[in-house]
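Me: Please take a close look at how the aromatic side chains pair up in this model, and set that in the context of the whole chain. A few individual residues would help as well.

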Amino acid sequence: MHVQSIRIAINVISVLAVFSALGQGADLPVDKHATKETINLYRNLKTLPSRGFLFGHQDDLAYGVGWKYIPGRSDIKDVTGDYPALYGWELGRLELDHPVNIDSVPFDRMRQYIQQAYSRGGVITLSWHLNNPLTGGTAWQPAAGTVASILPGGEKNALYKSWLDKVAGFMLSLKDDRGRPIPVIFRIFHELNGSWFWWGGKNCTPDELKQLWHFTVSYLRDQKQVHNLLYAYNTDKFSDAAAWLERYPGDEWTDVAGFDIYQRGNNESFSTEFGQMLTTLDSIAAVHGKIPALTEFGYNGLPDSNWWTSTFLKTLEGHKIAYTMAWRNAGDKPGGQHEYYVPYKGQASSADFIKFFESPLTLFQKDATKENLYR
Ligand code: BMA
């Protein structure tokens, strides 16, 4: 070949290489038209695991053990002096137009708490224990055919769409003080490998769940034009990668890859199981290019005063996780029961929680503010 032609060929090849690199380099979430802040959050959460993990808590600003709706209060802040970095909230009953959610949190207050947390650089994640659309029962009352009934062509598809309209309305109502949409990690159909929810386990086929996932995401994103969402796929405890992936809707449909785990036995068996799942998630997240997260966890009542550093943090060390979220501090419940997963001031594990808080790996609100996750 003539020298000139070789030069031209080389130039063409380099231009093509640059274009292809640009194509691959554009790492976008499920929603390619997501807002700038949502895309930035997505990208920042991807690189975060090399520095540490955000610590989150469900319903943190609304109530804690022994208190409710005290402005500015948080059990985590009472113990550590700082708020969590990530805040979980729950949408159950929004679909019924109720003014308060399944755990009695008013949606209007929830919106304000979300705005407060976002204004200091915190991250928001929402779950949805939606009722059974086929029977009108709760999320925990499965019935044969429920998922099929809400897919397109099903007898409850219109009802389900009307519920999604309400969710879309709430998501779009989340705006910062300049009127810009607040990014949210939407954790739909959580714990979907267990059979306790109507959308999970043996209550539908993996294919039905995948269809439901695709339908739900497309409806919110393409029909309702909701562009402030990242989508989290999370199982409950799982045995191996194949079990985790059984219902996985695909890389194009998932931003966060996670699982939920609760300690019910001793520290050793918990730590072994938890560590194995983290190892599997490390590779799943790397292979699929997802944000790895411990989307929900807890050890109810925290009976072990050293649990935070000796069991929880020790197991997490060496794994790649962008965030962890402890479940809610509901406090005393009827029948002498209690439910709480982070210490309140004076609780047996609070001194150890302060050590956990001081670890460079754990990121709370002030650390998250410095991370500038939306830029
Ligand atoms: C469960 C418990 C319940 C709560 C439900 C939905 O794990 O905390 O008390 O109603 O989650 O948030």
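Reply: The accessible surface of the protein chain comes to about 15600 Å², and 54% of that belongs to carbon and sulfur atoms. Areas of this kind come from the Shrake-Rupley method with a 1.4 Å probe, and for residues only the protein chains shown count as cover. This is a predicted model, in which local features need pLDDT of at least 70 and side-chain atom pairs count only at pLDDT 80 or more, while totals for chains, interfaces and linings use all residues. Residues are numbered from 1 along each chain as its sequence is written, and side-chain values use heavy atoms, with hydrogens and water left out.

First, the chain as a whole. The protein chain has twelve helices and 13 strands; these are DSSP runs numbered from the N terminus, with helices (H or I) of at least four residues and strands (E) of at least two. Along the principal axes, its C-alpha atoms fill a box of roughly 85 × 50 × 45 Å. The radius of gyration is 22 Å, which agrees with the value near 21 Å for a compact globule of 375 residues. That radius is taken over C-alpha atoms, and the globule rule is 2.2 Å times the number of residues to the power 0.38. Of the 375 residues, 54% count as buried, where buried means under 20% relative accessible area, exposed means over 50%, and partly exposed lies in between (1.4 Å probe, protein chains only). Among contacts (heavy atoms within 4.5 Å) between residues at least 6 apart in sequence, 73% join residues at least 24 apart.

Now the aromatic rings. Rings of Phe, Tyr and Trp (its six-membered ring) pair if their centres lie within 6.5 Å; planes under 30 degrees apart count as stacked, over 60 as edge-to-face and the rest as tilted. By this rule there are 41 aromatic pairs. One of them joins F55 and F356 edge-to-face, at 5.5 Å centre to centre and 80° between the planes. F55 lies in strand β1 (residues 53–58) and F356 in helix α11 (residues 350–358), so this pair ties together parts that are 301 residues apart in sequence. F55 and F356 are both buried.

Another edge-to-face pair is Y233 with W244, where the centres are 4.7 Å apart and the planes make 75°. Here Y233 sits in strand β7 (residues 229–235) and W244 in helix α8 (residues 241–245), eleven residues apart. Y233 is buried at 0% relative accessible area, and W244 counts as buried at 0% as well.

Two tyrosine rings also meet a charge. The criterion is NZ of Lys or CZ of Arg within 6 Å of the ring centre and within 35 degrees of the ring normal. The charged end of R109 sits over the ring of Y69, 4.3 Å from its centre, and R120 lies over the face of Y83 at 3.8 Å from the ring centre.

Several other residues touch tryptophans. Q58, in strand β1, counts as buried at 1% relative accessibility. Beyond its neighbours within four places in sequence, the contacts of Q58 include W89, E90, S127 and W327. The Q58 side chain reaches the backbone nitrogen of W89 at 3.5 Å.

I114 also touches W89, along with I124, L126, F170, L174 and I182, not counting residues up to four places away in sequence. I114 belongs to helix α4 (residues 107–119) and is buried at 0% relative accessibility. Its C-alpha atom is 7.6 Å from that of L174, although the two are 60 residues apart along the chain.

N131 lies in the loop between β5 (123–127) and α5 (146–150). At 11% relative accessibility, N131 counts as buried; outside its neighbours within four places, its contacts include E95, L96, W163 and W198.

Finally, the backbone. Most residues other than glycine have a negative phi. R93 has a positive phi, near 90°; this residue is in the loop between β4 (86–90) and α4 and is partly exposed at 29% relative accessible area. N372 also has a positive phi, near 50°. N372 lies in the segment after α12 (365–371) and counts as partly exposed at 36% relative accessibility.

Methods. Polar contact = N/O pair within 3.5 Å; in protein donor to acceptor, adjacent residues only side chain to side chain.
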